[in-house]
Structure formats: C-alpha cells, structure tokens
Amino acid sequence: MRSCYKTATPNCDKNSETKLLIPQHFSIISSFDNITNSNLQKRLVIINPQQHRRSYTKREPIIIFIMRLNLKAVLLLLTIAVVVITCAVYMRCAEFIFPRDLVRHWDPKLYAVGSSSDLINNNIGDDGGDGANENSVPLQDIKCLINQEYTISCKRDEEAREVYVPFSFLRTYFDISGSMSNPSSPQTLDGNSNDGQAVEQQFLWMHSTAKINLPRAKYDSKGLFMYFENYNVEARDRVKCISAAEGVPISTQWEKKGYFYPTQVAQFALAHYSKNLTEPPPRINILENADSIRNKWSVPKSSNLSRIWHPKFNSSVIQYETAVDFDSAITLNNINQALDLVLGVDLLLITNSSSLLVTVENHETKRTYRVHYIPADLLLSVQEDNIYYGLGVQSLNKWRHLIRDLHIDIQKGLSIENPKKSTNKVKRSDLRVLSISFMGIGFFDNVSLSTTNHLAHFYDAAEWFINHQDLRTGGWPNPVRRSLNGFTELKPGWLSAMGQGHAISVLARAYWHSGDKRYLKSAALGLKPYRIFSKDGGVLAQFMDKYFWYEEYPTTPASFVLNGFIYSLLGLYDLNSTAPSFIGKEAGKLFDQGMLSLKKMLLLYDTGSGTSYDLRHLSLGVAPNLARWDYHATHVNQLLLLATIDSDPIISQTAERWKGYMFGKRAKHN
C-alpha cells in the first residue's frame, strides 16, 4: 500500500487501493514533514475509498458551514439584527408602520360610558386599589398650545389617540356650563321617574343655563306677565331693601346709596301679580282686629290700651299710649309663629317717638332680631341685633296699611351689617316671630301674619307709579346717571321705554283688577314719551330714517336695545287690550308701529350663534355687543310670547332658531 501524505491530488496514484484524504483548503505546515509514519498512522484514519465517498457526502455541508464562520460575519449579523429590531419597535410605537385598521378604532359611545371615565379616574380599580383594569391605559401629561398664545396642562391617551382638555378651561373659553349630577337622584336627565332607582352620576354639559319659558296659551293682558311668577325681585343683591315708606324696592345697581328705579319697581309689582295667580291662597293668621278677634296684650302699669269705635272704618281700632322706652311697650307675646312671616297692620303714629317693633328668632342659631319701624326719613340702619326701617316723617298722623316680609327685612339688614359674609344668609324656615310691640302714641288695627300677600305688594307699587309720575312728560324719571360705553352719558331724569312699558303693564292690570280710573289715567299719560324723540326728552328713535324704535336707553346716537324695546311693546299691547277704545286706540297704533320695525330689524340682531344686545355695531361702527345667555334667553322668551299675538313667521321661526343656539346649534357656513 502506498500512502500519499503531502498532497491528495496529482502526486498520488489513482489506482491505489487506499488514499490519505486531506481537504484541499487545508494548508500543510512545514513542520508536518517531521511527523513520523508511525505517528501519522496513529493520527490519520485510512479508509476505503467507497466508504470515504459515503462518509464525506454526509459530513461535508456541516463541516464547511462551521469552518467558514468567522468573527466578522457574526458581528455583522448581530448588528443588522439589532438595527432591524430597534426600528420595528420604534415604528410600532409611533404607529407609522402599521395600517390604521390594525390600531384600535375610536368608539365615542364606548369611551363615553366606560373607558374614558376609567382614564380620568387615573385607572383606579373598582375595588379601591391602585391597579388599573385590563382595558385602561395611563394618561400622559402634555401641554396644549392654545391658538399659539399660551399653554395649559392637558392629558393624552396615547393608545386611543385622544387628548383631554380641562373643563375649567372650556367653560371660560367657550362660555359654557357644566356640573356633576346627583347620583342618588331617582330621576333621569329628562326629569322622568326612574322607578325609584338611583341613576349613575353624570357630568351635565350645558351651552346655556338660562331657561326657555314656553307660553302656556295666548298672552293675556289681564293675566300673567310673561314668566314673572318666577321672579323674586326683593331678594336680588342689587336691591338694598324694600322701602318701608313706599313699599317698593330700593335699587343700588348704579348708585350705592340707593334710589327708586322704575323698571325694577314695575318688575316687583308684575312678579307679585303673577304669583297671586299661580300660587295657592295664602295662609292668614289674624292676631287682632279689635272686633271679632281680640288678643291678650301685655300692658305695663304706666301704659294704656283701649278699643274705640272709628267712624271712618266703621269698625273698632286700638288706641295706645306708652313711654318711649321698651319696658313700657304694649306687647303681644308668645306668638311663636313660624313660616307665616308676612306682617300686615293698619297703623297710625301720632308722635315721632312712636314705633312698631317685631321680635324674631332664628331657632337654629338662637339669635334674636328686633325689627323697628319708625316715623323717620331713613331707608335702613343696623345696630347689632336691631334693624331699623324708616316709615318717613310724612307718615305721622296718617293711616297706613303696612305690609312687611320679615324674612326679607332681616336678610337685608344682615347684608348691611356684614356685606361680604355669605354666612349672613338666613333661611325662611329658620325664623319664627316671638312678639309684636307698639311704643309711643298711636292707633293700630288688623294685625296679621301670613305666608304671602302678593296683591298688597302689587298695589303698593301701583300707587308708587301714580305718586311719582312726571305730569309734564308723562314719564317716570330715572334719578341717576347712566353711562353706556361709547354713547353720550345719560343725565339724571332720563326716561326709559322699558320702564314706561313695564309701568303701563302694571297700571293696566291695576285698573282692570280694581276698576280705579286713577290707574287708567296714569297709564294713558305714560304714552306721551313714545311720541317724543329721545333728543327732546322722550324715548323715540328712528333707524335709517325709516323705522321707529322705542329706546330703553335714549342715547346719542341711538343704541336700539332689543329686550327693552319688546317690553315697551307689551305695555302698549296691555293698555290697548284693557283700556276703553278712546285710550286703547292710541296704544294700539303705537304697538303696530313698533311691531313693523321689529319685523324689519329683527335679523340684524342674529349673529349665527347667538344674538346682539343692541345695534351699537351699526350706530358706533364697533364690534357687536353680544348678549349673554340670560339676555339671549329673554329675547327667545319674548319672541315666543309675541308669536301668540302675531302669527308672522319671521317671529316664530327666528325664536326657534335662536332657541337652538342655546343648545350648541349654529347657522350654516360656506
């Protein structure tokens, strides 16, 4: 046998039975020559050629692959793998590489009910733990750039591709409102019963909190005035008190010391007239009438009380005489009357030291209030727990039917005492009358406590309009200055078409209800300013030298305030409907003239998403004076009422469109 050990190719005999196999790609090192045959035989495997072919065929791919690997190839492969994996992870997170339909679809209904509420609650589980449920995703803090002007803090749901903006920002930015519903309420959002089951707490989103009042029927000049039964004028913050001398509100809207504002006096009257028609009859507790009902009064030894016949009233009255100090007062004690807080009394005071005193207790706090009514030119004064109201010096030696809401009188006194403390608010249900006392020299009769006395308040206001009308102009002047931005300042004594219209509405109802022609005469005289231009002391203006307008504020140039104009029209309609024809005809002519102007000018107030308060954008060439939502609601309510009088579609259709603005609807855009 011949062995080939240096090379496996040409130098070997092809016919040899055995061969030494050495792969060609192996280099034989020089030291290999020194290997002995014996060693070589030990190290090398000599195989049969046929066996060699079978063995080599099986092992060659594996051997070649392993032997051909080197460090550079491995590093290259690892680098490529890292790059590919990194890019795939980044692109998947950014959602750029995958089609949109592979990403979870945004379902507003699903998120509104469940998921978004979970997200907003920071993924706190139902069990109160801090673990998130399997469907929730943590929110990220991000900054929202608002119109490239400023930034606010927001939240982002990366998986849902949604951004959450704080409602506190939305409320101010878009002039909307919202509040959480009461989860224990057994009623649904539409007001229907939910079978006594508590509804899930919800967030109530509202574009406007103002209320639309749909007319119950065609407007009746003898009945309710619009929706004024919902008004509580005397409780307004800008009402200082109800004057004890006149029985009507004292306003502080434009002057802090207080003044009579005809528009507010009329609203006070119309509210009580409407309440009288809608509320149940009052509960009246007569304490003393000197005839059929006689009570036991506490009379100190130094004081006198007697019941005498009064020919003017054809009934008995009580005459009293005491010293000026409280210890000598004639008192009706142990009344202990709650809820019935409207005091009524016929009163005649003889001396300026005479007075009426009512003691009221807050049974929750045990604080006692002493409300004094004295014959002095005083609006309201407070000294600790003593609250003083002036009846006026002119009240001496005159009979006066005094009606006082003790709850309002105490509340206004507390507001004067500490105007900035909200704790001064006192509930009507917390008060009870303890005693009624008279001091000095005088007479009284018909002492009563009742839940309400709306008609008495109404007639107090009607009498105020008769007593305070300017007989020369026929108007009820406003005694304060009024400044409207951009217009000439109105000096004290200016007239308002809204005040005129409201006053005529009061007097027309007083005339119809009582038959007293004094009210009719005063209402007819109140038409005079409608015929006189504002520059001459009236309330008349003209738009584009064509359409006549009755000005709430008789400015220069004209401002064309919408709500005040419509109120002035209602006064004309009320007088036309209740007065004899020789008076009603003139009121009707002025009403028709105003309605024509309204129909022609109404759409000038439409902004496409709300209304303008006036037309200063035309008069002054400035930005529109947008009506806030409560004024916008007034516009809608007024048009809805006018639609029951006038069937012209411009009125009803405009009212419906403006109503839609209050629920987020907008006019179409190009």
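These points describe two nonpolar cores, one helix pair and one buried residue in a predicted model.

1. Because the model is predicted, local features need pLDDT of at least 70 and side-chain atom pairs count only at pLDDT 80 or more, while totals for chains, interfaces and linings use all residues. Residues are numbered from 1 along each chain as its sequence is written, and side-chain values use heavy atoms, with hydrogens and water left out.

2. The largest nonpolar core (buried Ala, Val, Leu, Ile, Met, Phe, Trp, Tyr and Cys residues joined through side-chain atoms within 4.5 Å; buried means under 20% relative accessible area with a 1.4 Å probe, protein chains only) has 82 residues, and those with the most contacts inside it include Phe-465, Phe-560 and Leu-598. Helix H11, residues 562–578 (helices are DSSP runs of H or I, at least four residues, numbered from the N terminus), gives the most to this core, with nine residues. Apart from it lies another core, of 39 residues, with Cys-241 and Tyr-373 among them.

3. The axes of helix H14 (residues 629–642) and helix H15 (residues 649–661), which are lines fitted to C-alpha atoms over the stretch in contact, with angles from 0 to 180 degrees between N-to-C directions, come within 9 Å and cross at roughly 150 degrees. H14 is therefore roughly antiparallel to H15, a term for angles over 145 degrees.

4. Asp-409 lies in helix H7, residues 406–417, and counts as buried because its relative accessibility is 1%. Leaving aside neighbours within four places in sequence, Asp-409 is in contact (heavy atoms within 4.5 Å) with Val-371, Tyr-373, Ile-387, Tyr-389 and Arg-404.

Conventions
Buried < 20%, exposed > 50% of the residue type's maximum accessible area, 1.4 Å probe, protein only. Helix = DSSP H or I, 4+ residues; strand = E, 2+ residues; numbered from the N terminus. Parallel < 35°, antiparallel > 145°, perpendicular 65-115°, else oblique.
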